[in-house]
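Colleague: I would like a close look at a single part of this model. Please walk me through one helix and its surroundings.

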Amino acid sequence: MTSEDYLRRVDAALRDLPWRQRRELLGELRAHLEELPGGTELSELGTPEEYAADLRSAAGLERRRGLVAFLRARRPRNLILTGAVLALIGLAIGAVVWIDSYQPIAFAGGTQLPLDAKPSLGQAGESIVFRKGRPFEYGITIRNSGRFTVRVLGIPASNTDFYAGRLLMSEDQSGRMDERPLERFHPFDMRPGSFRWLLLRGGYACTTGMGKGTGVTWGAIPVRFRFLWRTGTAWIPLEEPLTFSFPNGCPPATGSSPTP
Amino acid sequence: MEQAQLLKGVLELAVLAVIARRETYGYEILSTLEQAGLDGVGDASVYGTLRRLEQAGHLTSRLEASDSGPARKYYAVTPVGREQLRTGTEAWTRIGDALERLIEP
């Protein structure tokens, strides 16, 4: 066994002691081992475990247990490094969770109802009668209520049943509620505090089959957006729910693709 | 009874006595004890005793660079240590005298 092996085993046997105290004891032992006359066998000192036990007994060093002892036995530099790494991991996890839940797009107060919409009888919102192929136009204003820019990707077609056509958007991002120049939708970066009209312009379509005399209500419009690496959907609650009624039913169409 | 067991009780006094002669370091203390006939004391026991005496304020220490290896830790007896040595010596003398009277036929 080499001196280093001996020191390592004594160190292991004193592992519960505070790091500074252990370092002092091992420093003294190292100096002692180097002063031993040439040819001295380390076994004359006893096994490293016996040496550690004698040292502990003579110095009155009790065995320490518990979390505090565990922490004090660690090298302070390593403790700080471990703490810093754990803090960084915690921050990273927190950041990922926050980014994953970040949803700043909100309804901005403006709604453009279909021309044939009428107040619903006996319930909140507006109602329209589904007439396949007839013009349909519906719009809302959205606002970025957060502190960071997000990229708006559109309204998923799968969530806008009974409509086929284009998705349009206002050209400017001011908070004006009046009619504004429109352009075909394309993904855009939405700065904090900015507004946009999103307008569905096309016609009624049987994207999903409905029976005669049934009805369905849009309560929220989904807006897809991207923030950093995450793509999410913001469900924008409508100021007034929009109820479609189907007096004549609606057989499902095939291959319709209404909006981006 | 083995000498090592007997020595454990008086090792503190022996170590204080060695250091009281002059400032010295661990290996030299061990050698002095061995030369005096106390060769059953383990190295670890001496270093542990030195640590306990220093913690109790009976010894002070300082590091001094050595030509032959790592820095040596030199120990000196404090006034509290000298008082401890005096009372310990008195106690040991009383015990020794008592034992002598008991052992003698």
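Which residue follows helix 3 of chain A, and what is the sign of its phi?

Modeller: Bear in mind that this is a predicted model. Gly60(A) follows helix 3 of chain A, and its phi is positive, near 70 degrees.

Now the helix itself. Helix 3 of chain A covers residues 48–59. Its 12 residues should span 16 Å at 1.5 Å a residue, and the end C-alpha atoms are indeed 16 Å apart. Its buried residues are Pro48(A), Tyr51(A), Ala52(A), Asp54(A), Leu55(A), Ala58(A) and Ala59(A). Viewed down the axis, they fall within an arc of 165 degrees, so they line one face of the helix.

What covers that face? The cover for the buried residues includes helix 1 (3–13) and helix 2 (19–35) of chain A, and also helix 3 of chain B.

That brings in the partner chain. In the contact between chains, 15 residues of chain B meet 16 residues of chain A. On the chain B side, helix 2 (26–35), helix 3 (43–55) and strand 3 (72–77) each give two or more residues. Helix 3 of chain B gives the most, with 8 residues. By class, this side has 4 nonpolar, 6 polar and 5 charged residues.

The core tells a related story. The largest nonpolar core has 33 residues, and Leu55(A) is among those with the most contacts inside it, as are Val46(B) and Leu50(B). Helix 2 and helix 3 of chain A each give two or more residues to this core, as do helix 1 (3–21), helix 2, helix 3 and strand 3 of chain B. The largest share, 6 residues, comes from helix 1 of chain B.

How values were computed. Residues are numbered from 1 along each chain as its sequence is written. Chains are lettered from A and ligands numbered from 1 in the order in which they are written. This is a predicted model: local features need pLDDT of at least 70, side-chain atom pairs count only at pLDDT 80 or more; totals for chains, interfaces and linings use all residues. Two residues are in contact if their C-beta atoms, placed from the backbone, lie within 7 Å. Helices (H or I, at least four residues) and strands (E, at least two) are DSSP runs, numbered from the N terminus. Ala, Val, Leu, Ile, Met, Phe, Trp, Tyr, Cys and Pro count as nonpolar, Asp, Glu, Lys and Arg as charged, and the others, Gly among them, as polar. The expected span of a helix is 1.5 Å times one less than its number of residues. A residue is buried if 20 or more other C-beta atoms lie within 10 Å of its own, exposed if 12 or fewer, and partly exposed in between; C-beta atoms are placed from the backbone. The arc is that of the directions from the helix axis to the C-beta atoms. A nonpolar core is a set of buried Ala, Val, Leu, Ile, Met, Phe, Trp, Tyr and Cys residues joined through C-beta atoms within 7 Å.
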